[in-house]
Amino acid sequence: MRRRLIVLGLATMLLAAVAAAFQWSTDKKTKPRDKNHRDVIGQVTLPDDGPAVGAVVKLKNLHSLEVHSFITQTDGKYSFQNLSSHIDYELRADFKDLTSGGHKLLTYDTRLDPVINLKLEPSKKPGSQKPEEEK
């Protein structure tokens, strides 16, 4: 009887060891995030704080002056992926006669996933205002 208990105990320990080895081998292995690249996300909102559907978000590379754009969907959200963390960028949103002004994402900002929300305000460009009605 004692021999059976010892054999049963050894078999249980062996089974537990095999299960643990299997669990270890099937764990998802993730490699560390590349600190040379980052993603920027955010939401564009109207002056009344509602989402700006169809706003154009422009991302300007301040080194090469290259511009990429993103058109917001129903939630007003935008994203730009795989940006160099060694380059400064400027973000701006435009929608009809509204603009967010420029917001910079600089190299000293070390966040890999910065969130930059853009709020639209009436444009202050000369000539963008409607002429007054004549009396």
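**Briefing: a buried arginine, an aromatic cluster and two positive phi angles**

A polar atom in the side chain of R38 lies 3.3 Å from the backbone oxygen of I87. The model is predicted. The protein has 135 residues, arranged as 1 helix and 9 strands. The points below cover the overall fold, then R38, the aromatic rings and two loop residues.

**Overall fold**

- In sequence order the elements run α-β-β-β-β-β-β-β-β-β, so that the helix precedes the strands.
- Of the residues in the protein, 26% count as buried.
- The accessible surface amounts to about 10,600 Å², and carbon and sulfur atoms account for 57% of that area.
- When contacts between residues at least 6 apart in sequence are considered, 60% of them join residues at least 24 apart.

**R38 and its surroundings**

- R38 belongs to strand β1, which spans residues 37-45.
- The relative accessible area of R38 is 1%, and R38 is therefore classed as buried, the limit being under 20%.
- Besides the I87 backbone oxygen at 3.3 Å, the R38 side chain reaches the backbone oxygen of D109 at 2.9 Å.
- Both pairs count as polar contacts because the cut-off is within 3.5 Å.
- R38 and Q81 are 43 residues apart along the chain, yet their C-alpha atoms are separated by 6.6 Å.

**Aromatic rings**

- The whole structure contains 2 aromatic pairs.
- In one of these, F70 and F80 have ring centres 6.2 Å apart and planes at 70°; the pair is edge-to-face because the angle is over 60 degrees.
- This pair links distant parts of the chain, with F70 in strand β3 (residues 67-71) and F80 in strand β4 (residues 77-84), 10 residues apart.
- Burial within this pair is uneven: F70 is partly exposed at 26% relative accessibility, whereas F80 is buried at 7%.
- The rings of Y78 and F80 have their centres 5.9 Å apart and their planes at 55°; this pair is tilted because the angle falls between the limits of 30 and 60 degrees.
- Y78 and F80 are both buried.
- Through these ring pairs, F70, Y78 and F80 form a cluster.

**Positive phi angles in loops**

- D49 is not a glycine, but its phi is positive, near 75°.
- D49 sits in the loop that runs between β1 and β2 (56-61).
- With a relative accessibility of 53%, D49 is classed as exposed because the limit is over 50%.
- K96, also not a glycine, has a positive phi of about 55°.
- The loop holding K96 lies between β5 (89-95) and β6 (98-99).
- K96 has a relative accessible area of 76%, and K96 is therefore exposed by the limit of over 50%.

**Points to locate in the model**

- For R38, the atoms to display are its side chain and the backbone oxygens of I87 and D109.
- For the ring cluster, the residues are F70, Y78 and F80.
- For the backbone angles, the residues are D49 and K96.

Notes: Residues numbered from 1 in each chain as written. Predicted model: local features only at pLDDT ≥ 70, side-chain atom pairs only at ≥ 80, totals over all residues. Heavy atoms only, no water. Helix = DSSP H or I, 4+ residues; strand = E, 2+ residues; numbered from the N terminus. Buried < 20%, exposed > 50% of the residue type's maximum accessible area, 1.4 Å probe, protein only. Polar contact = N/O pair within 3.5 Å; in protein donor to acceptor, adjacent residues only side chain to side chain. Contact = heavy atoms within 4.5 Å. Areas by Shrake-Rupley, 256 points an atom, 1.4 Å probe, with all protein chains shown as cover. Phe/Tyr/Trp six-rings, centres within 6.5 Å; stacked < 30°, edge-to-face > 60°.
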